[in-house]
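Good morning, and thank you for making time for this presentation. Please have the sequence and the model open while I speak.

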There are 2 protein chains.
Amino acid sequence: MNNFTFCTPTEFVFGKGVETEVGKIVCRYGGTKVLLLYGGGSVLRSGLLARVEQALSAENIEFVHLGGVEPNPVDKKVYEGIDIVRSENVDFILPVGGGSVIDTAKAIAAGACYDGDFWDFFVGVAPVREALPVGVVLTIPAAGSEGSGNTVITKLDGLHKLSLRTDKVLRPRFAVMNPELTFTLPPYQTACGIADMMVHVMERYFTNTLHVEITDRICEGVLKAIITEAPKVMSNPCDYEARANIMWCGTMAHNGLCGVGREEDWASHFMEHEVSALYGVTHGAGLSAIVPAWLTWMVSHHADRVVQLAIRVFDVEEKDTPEATALEGISRLKSFWRSLGLPLNLHELGVENPDIDLLVDKLHENKGEFVGRYVCLNREQSREIFELAR
Amino acid sequence: MNNFTFCTPTEFVFGKGVETEVGKIVCRYGGTKVLLLYGGGSVLRSGLLARVEQALSAENIEFVHLGGVEPNPVDKKVYEGIDIVRSENVDFILPVGGGSVIDTAKAIAAGACYDGDFWDFFVGVAPVREALPVGVVLTIPAAGSEGSGNTVITKLDGLHKLSLRTDKVLRPRFAVMNPELTFTLPPYQTACGIADMMVHVMERYFTNTLHVEITDRICEGVLKAIITEAPKVMSNPCDYEARANIMWCGTMAHNGLCGVGREEDWASHFMEHEVSALYGVTHGAGLSAIVPAWLTWMVSHHADRVVQLAIRVFDVEEKDTPEATALEGISRLKSFWRSLGLPLNLHELGVENPDIDLLVDKLHENKGEFVGRYVCLNREQSREIFELAR
C-alpha cells in the first residue's frame, strides 16, 4: 500500500425533500451572497430553482443567477462566472445540477481568488491555493463531482479538455442530495451516469499497487451495488430506493475512497475526453464506447486485474486460461451496458468515421508521451485501442 | 433508505514514517500547546513518544504530559485531563495510542469547554456544542475512534460504561496512521482489535432498513477484507501490507460509512460494555464472547440478515432452510475467531460464573427497557442471550 493522505470534509445531506434546507446550510457555511449556477431549463421547469431561491430568501441570503452551463462545460462560462463574482461581491457558489454545473462552479471558485488566468490551474502553471466555498444541489448522479476535489473544463480555443485534481480546496463544503430529483432524468442520461460512475471505480481498480485488499473490496462492492440497482432505475424511474442507491454509489465511486493507497489509471477517461471534446457526445456514453476496447486490449497485454474484475464483480467462474476468464468478464460488462441502452463502440455512439489520427494527436498533446498507469500507453498503443473502439 | 447527514472531515495521514510529520500537522490545525495523552509504557519503550515530542518541538509547539490511561478508560482520567488543560492553557489534545486513549482525549476536549460536569454529555443532560481540537497518533487498529465522533467512558462510581455519539464535533481533525507502529502489538491484542472492527460493521449490518444495497456491499467488503488479511497479520506480525489493510479496515468499519442511510443495532456492544465494566476484560474479546450468542438467538427470532451475512460474507451455499444457512454462517465466524485465538463465550473469556442478574440489571439500567434495534430486546430476551453466552 502506498502512503496516502485522505480527507473528505464534504457534508452530505441526503434524502427526501432536503433541498428545502439549502438556505440554512449556506448560512451555516457563511454564505451571504450566492452565485446560483445551473444548466438548461430543467431546473426551471421542475420548480427546483424556485424552491432553492425560496430557501435562500428565507435566510436573507442574496443571489445572482448564471444559467446556460452546457454539458462538456467550457472556459467561456467560467470567465463569465468569475466576472459576476467580482462585480457582485459574491461570497458563495451554489451549483444546482450535475457534473458540468458543479465543475464550472469549482473553476469559478478557484479562478475568482486568483489574479492570473484560471486556465493556469489546468495546465499546471499554478496550484489552487484558495477558492470561494462551493455547495452543491445535485440533480444528476454520475460525475461524482459533489464529493470530489476535481473539475474538468474544455478550453474552446484548441479544444483542450483538461482535468484539475485538488486534494481538498475544491471539495464542496456540502452536497444536498435528494434522489427524488432524479426521477425525471431521461433513461439515456440515467444510463450514461451509471457508466460514468462504474468507470470512476474501474480507473482506480486498474492499478499495479497490489495488496490493497480493503480498497479492492470497496471498489467491488460499489460496482456490485450499481449492477444490482441500475436495472431497477431503468425499469422504474420513480423507484426511490434504487435511485437513492445509485445516487450514493455515484458519490462513493469518485470521492477518493476507491483509490486509497495506490496508483490509479485514468487512460480511458483521458481517451474519452478527446472523443467528447471533438464530437460533443455525452461523457458516460463516450466511456461505454471506449472502455470495452481498453479492457480487451489489456487482456493480451496485462490481464491480471481484468481477471479479478471478471471473477469478483461479474461472478465469472475461472476458465482454462486467465485470458478466457477476462474475456468472459468483458462480455458480461458489455451485456450489462447493452441492457441499459448504452453504445459499446464509437460507431454505436454515432461517430461513424472517427478521426483517429486527430484523437491520438490531441490525447498525447494534452497528456504527454504516455497515457495511463496500469499500462503506460504510447501513441501506437493508444491508436490500437481507438481502432478497437471503432 | 433513511434520510441522513454524513460528514467525515478527519484528515488521514497514512503510511510508513508519517508520525514524524505530526508537529507540522498540529501546527496546520492551529495547535500551540498540546496535551500529550497516552496509556502505559509501550509508547515510551518503543521510542514513539520521543519521536512525537521531537516533531512537536521542531515546530516550537509546547506540550504537557498525561500518561496512564488504562483500557476501558474511566472518568477519573478525564477530570485529571480537564484540570491540566485549564491550568496549563492547552489548546490541542494529542492522544498517542488506541481507542481508550483517544476516547479519553475526546471526553477531555469536550469537558474542557463546558462549565458543568462532562458526564452530563454521556447521560444526555447536555449536548456537546464545542470541543478543543483533537488529533490522533494511532497505535492500535480496533476501536475506529480515530475516524469517529464517538467516545466510550466508564464512570467508576456505579460502574456506568456509557457511549457518547456526536455527528462531527468530536471527530479528530487528523489521524496519523503508520502500520509499522502495530508490528509489536501482541497477538491477543491484534485479534481483539480484529473482532472489535468486525463487530463495528455487524452492528450496522443488522438493520431493519432494507434496500440499502450500497451500504450492505461496503459492509460486506470491509468484512471480507478483514477475513483475508487477519490470518496474515497473525502469522507474520511484521507483514506491512496486511497490517496496513487491517489498520484502514478499522477506520472504515467505524467512521459511519457502514451505517449510512439506516437504523443500526448496537445491542452486542451494549451487552459487552456491561461485561467489560464488571470483569475488566478486553473489549474485543468480550465481543467475540457475546456476539455468537446474540447471532444464534437471532436465528430463531429474526434470521434474515444472519442469512445474508452467511451467504455474502462467509460464502455459505444456501441450505434447505434459512436457519440452517444462518447457523452455518455463525459456525464459520466462530471458526475464524477461534483461529485468531479469541474466546467464543464467557467461560473461555475467563468469566467462570457470570452474575447474569447483575449484567441484565446494569444493561437495562444504563440503556433502558429495550436494547438494540434489529430486535428490541427486553430484560427476558437479553437474559436469554447472556445465558447462551455462558
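**A loop residue, and then the contact between the chains**

I begin with Asn208(B), which sits in the loop between α7 (187–205) and α8 of chain B. Before going further, I should say that this is a predicted model, in which local features need pLDDT of at least 70, side-chain atom pairs count only at pLDDT 80 or more, and totals for chains, interfaces and linings use all residues. Residues are numbered from 1 along each chain as its sequence is written, while chains are lettered from A and ligands numbered from 1 in the order in which they are written. Helices (H or I, at least four residues) and strands (E, at least two) are DSSP runs, numbered from the N terminus.

Is Asn208(B) exposed, partly exposed or buried? Asn208(B) counts as partly exposed, because it has 13 C-beta neighbours inside 10 Å. The term buried requires 20 or more other C-beta atoms within 10 Å of a residue's own, exposed means 12 or fewer, and partly exposed lies in between, with C-beta atoms placed from the backbone. Not counting residues up to four places away in sequence, Asn208(B) touches Glu263(B) and Tyr374(B); contact here means that the C-beta atoms, placed from the backbone, lie within 7 Å. The C-alpha atoms of Asn208(B) and Glu264(B) are separated by 8.3 Å, although the two residues are 56 apart along the chain.

The loop between α7 and α8 of chain B also holds His211(B). His211(B) is not a glycine, yet its phi is positive, at about 60 degrees. His211(B) is partly exposed, because 17 C-beta neighbours lie inside 10 Å.

Tyr374(B) appears again in the contacts of His302(B), which touches Tyr374(B) and Val375(B) when neighbours within four places in sequence are left aside. His302(B) belongs to the loop between α11 (283–299) and α12 (304–312) of chain B. Between the C-alpha atoms of His302(B) and Val375(B) there are 7.4 Å, for a separation of 73 residues along the chain. His302(B) is partly exposed, because it has 13 C-beta neighbours inside 10 Å.

A further loop residue is Asn89(B), between α4 (75–88) and β4 (92–97) of chain B. Its phi is near 55 degrees, a positive value in a residue other than glycine. Asn89(B) is exposed, because 11 other C-beta atoms lie within 10 Å.

**How the two chains meet**

How are the two copies related? A turn of 180 degrees and a shift of 0.0 Å along the axis lay chain B on chain A with an RMSD of 0.0 Å. The two copies are thus related as by a two-fold rotation axis. The superposition is by least squares on the C-alpha atoms of residues with pLDDT of at least 70 in both. Of the residues of chain B, Pro9(B) comes closest to the axis, with its C-alpha at 1.9 Å.

The contact takes 34 residues from chain B and 34 residues from chain A. On the side of chain B that touches chain A, the elements giving two or more residues are β1, α8 (213–235) and α9 (240–254) of chain B. α8(B) gives the most to that side, with 11 residues. The residues of that side divide into 18 nonpolar, 8 polar and 8 charged. The copies meet through the same surface, because 100% of the interface residues of chain B are also interface residues in chain A.

Strand β1 (residues 4–14) of chain A and strand β1 (residues 4–14) of chain B run antiparallel and are joined by 7 bridges. Strands are called paired if DSSP finds at least two bridges between them. Thr8(A) stands opposite Thr8(B) in β1(B), and Phe12(A) has Phe6(B) as its bridge partner. Within chain B, β1(B) pairs in the parallel sense with strand β8 (residues 174–177) over 4 bridges. In that pairing, Phe14(B) has Met177(B) as its bridge partner.

**Helix α8 in chain A**

Let me close with α8(A), where 18 of the 23 residues are buried. Helix α8 (residues 213–235) of chain A reaches 34 Å from its first C-alpha to its last, close to the 33 Å expected at 1.5 Å a residue. A kink of about 30 degrees lies at Glu229(A), shortly before the proline Pro231(A). The bend is the angle between axes fitted to the seven residues ending at a residue and the seven starting there.

Key: Two residues are in contact if their C-beta atoms, placed from the backbone, lie within 7 Å. Ala, Val, Leu, Ile, Met, Phe, Trp, Tyr, Cys and Pro count as nonpolar, Asp, Glu, Lys and Arg as charged, and the others, Gly among them, as polar. The expected span of a helix is 1.5 Å times one less than its number of residues.
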